[in-house]
Amino acid sequence: MTEKDREKEKQHETHPGGEPAGKTESHKGGNDRFLRDNQPDEQKGAVQSQGKGETDSDTVDSSDVKQPADSAAKKAAAAAKAKAAAAAKAKAAGAAKGGSIPGRASAKKKKEPPEPSPKQPVLDRWVRIIRGALGEEAVEDAMINRPNGHLPTLFISKDRWLEAARLLKEHEELAFDYLQNLAGVDYEEHMEVVFHLFSMRHRHAVGVRVKTERENPEIPSVTCVWAGADWNEREVYDLLGIRFTGHPDLRRILMPDDWVGHPLRKDYEPFDEGV
Amino acid sequence: MLRTEEMLLNVGPQHPSTHGVFRLVITIDGETITEAKPVVGYLHRGTEKLAEDLTYTQIVPYTDRMDYLSAMTNNYIVVHAAETLMEVELPERAEFLRVIVMELNRIASHLVWFGTYLLDIGAMSPFLLAFREREQILDLFNDLCGARLTYNYMRIGGVKWDVPEGWLDQVRAFISNMREKLKEYEDLVAGNEIFLNRTRGIGVYSADEAIDYGLSGVNLRAAGVDWDLRRDRPYSVYDRFEFDVPVGKNGDLYDKFTCRMEEIRQSLRIVEQAVDQFPEGPVMAKVPRVIRVPEGEAYVQMESPRGELGCYLVSRGKDKPYRLKFRRPSFYNLQILPRLLKGENVANLVAILGGIDIVLGEVDA
């Protein structure tokens with residue numbers, strides 16, 4: 001569905017003159033899933049009841065209707081539906097041409113309101129501290145995760161991760177002494193290990209993401225920094241196959257020792273000796 | 001001096017004091033444990049893998065089976081993660097109902113701990129008493145959602161069932177009954193000489209160690225860290241209720257006992273306030289029929305009876321999660337066990353393991 005939506009958005013961007021200006025606006029607003037939650041509840045309800053008994057894609061398309069709430073709503077709805085059908089056809093044609101865009105970044109941009117996040121200065125300060133101590137390349141990127149309560153998120157280079165982890169824990173101003181969560185994610189084009197850290201002293205939190213390549217994934221172990229990382233790194237190794245260099249005892253923890261493969265990888269195929 | 005030889009002893013996986021399927025390989029020298037190696041994974045069902053092929057509503061029953069002593073909190077964390085990314089506004093009545101059932105579930109869970117823990121260290125009757133009271137909570141849940149353990153009660157946007165008639169009065173009756181019984185429990189146990197000898201100064205760790213190991217919940221607070229997510233990172237409507245957070249001093253087993261008993265009392269306070277302020281209105285927000293969570297990622301956290309229960313959700317805008325990771329408090333809390341058992345008398349093994357309060361369904365996911 002996201003691919004489709006992106007296609008739709010792209011079409012509106014490229015041919016805005018193809019439709020009456022006012023209608024285009026409402027159409028766009030209805031299609032942007034990220035804006036949908038900003039609508040008042042009653043309108044959402046209207047959308048839902050109209051979507052009942054139709055297929056999924058119709059439910060989404062019928063959200064086009066939510067703007068004209070006056071007496072002409074029914075007419076407009078029919079028109080919008082016809083238009084949506086046409087758009088869907090065009091979209092299908094576009095998809096067939098293989099015109100898919102890597103729309104992750106653009107979708108994010110759309111979602112973000114223009115005003116800067118209240119956490120932005122904090123994040124900038126942290127990035128400066130880490131870059132100051134470990135060099136420019138240690139922090140690959142930094143962002144504010146808005147839907148997640150404006151959580152500052154750092155992308156740390158895996159080559160510098162162990163030093164960065166020590167710094168995160170030991171620096172006076174950072175003092176992230178508590179490992180809240182450690183998760184591995186297979187993004188298909190790369191792998192990522194996500195750390196959620198918390199400082200009991202300063203009561204602030206940060207998300208840290210460390211990228212690694214998909215073939216032979218490997219990042220430094222941080223068990224010597226946070227003792228609680230031990231089993232978690234074993235779990236990530238077990239389920240995703242990411243090796244943690246320097247881990248004292250990197251064995252499988254949840255799956256049986258003789259299991260073949262790492263189940264949470266997206267390309268995992270169950271191995272069955274009988275077949 | 002008598003010459004002793006090191007011996008390897010296998011505890012579990014099938015053993016009543018492990019509270020599930022948990023194996024512990026210990027090396028003992030005489031009666032002293034020199035090394036302990038926990039082996040987990042016997043109950044691994046691949047919840048996270050299964051979740052990638054399920055819609056959000058379908059995932060909820062699977063979470064019931066992780067921490068089966070506190071399924072309500074598990075329900076909550078997964079719907080809370082999705083709601084955070086969807087930015088859904090919940091109706092008040094749904095929030096209140098969630099708080100009431102989660103706190104009742106916390107009481108039920110602590111009651112199981114109380115009963116089984118004393119059974120572990122040799123007292124039979126508290127087990128019967130605790131299960132008698134827990135039964136009342138299960139009956140309440142049965143009336144509310146038709147299940148005693150695996151509730152499948154919460155949905156994205158609210159809860160599945162509104163309260164049946166007279167249910168709130170039953171909750172009120174339970175509160176006053178439980179308060180009396182709690183006193184009875186404490187009279188029975190807290191001053192008992194044997195109980196004190198078996199728990200005071202046993203299984204001690206410091207606040208720094210607790211933080212380093214990522215312990216949470218009572219295991220963290222017993223060591224003197226004043227940290228409760230309900231108060232310090234309020235979610236749902238917890239910021240509207242008054243309650244205290246019991247904190248221990250020594251980090252020993254006795255402090256864990258007092259903290260858990262006090263938590264039952266505080267949970268009763270929260271439920272009482274929630275029942276008194278219980279609002280009218282719908283129990284479900286208006287959400288789309290097919291739930292699609294917008295693209296993004298979020299880590300959400302809550303205070304389950306065992307500690308910080310978290311959920312890291314990566315969504316690509318589909319009706320199924322791209323990656324769902326549970327931060328399972330039992331899994332984190334259990335890690336400190338080898339460190340606690342080292343140099344300990346073998347007779348304290350069961351007492352220390354029980355004090356952590358693990359649920360193996362949650363450890364193994």
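Which strands of chain A does helix α9 (residues 161-170) lie across? Helix α9 of chain A lies across β2, β4 and β5 of chain A, running at about 175° to β5(A). This is a predicted model, in which local features need pLDDT of at least 70, side-chain atom pairs count only at pLDDT 80 or more, and totals for chains, interfaces and linings use all residues. Residues are numbered from 1 along each chain as its sequence is written, chains are lettered from A and ligands numbered from 1 in the order in which they are written, and side-chain values use heavy atoms, with hydrogens and water left out.

**The sheet of chain A**

- Five strands (DSSP E runs of at least two residues, numbered from the N terminus) form an open, mixed sheet in the order β1-β2-β5-β4-β3.
- Its edge strands, β1 (139-145) and β3 (178-186), each pair on one side only; two strands pair if DSSP finds at least two bridges between them.
- From one strand to the next, the twist averages 20°; axes are lines fitted to C-alpha atoms, for helices over the stretch in contact, and angles run from 0 to 180 degrees between N-to-C directions.
- Strands β4 (residues 191-199) and β5 (residues 204-212) of chain A are antiparallel, paired over nine bridges.
- F195(A) has V208(A), in β5(A), as its bridge partner.

**A helix on the sheet**

- Helix α8 (residues 120-134) of chain A packs on the sheet, touching β1, β2 (151-156) and β5 of chain A; contact means heavy atoms within 4.5 Å.
- The direction of α8(A) makes about 165° with that of β1(A).

**Helix α3 of chain B**

- Helices are DSSP runs of H or I with at least four residues.
- 16 of the 16 residues of α3(B) are buried (under 20% relative accessible area, where exposed is over 50% and partly exposed in between, with a 1.4 Å probe and protein chains only), so α3(B) is largely enclosed by the rest of the structure.
- Just after α3(B), E87(B) takes a positive phi of about 55°.
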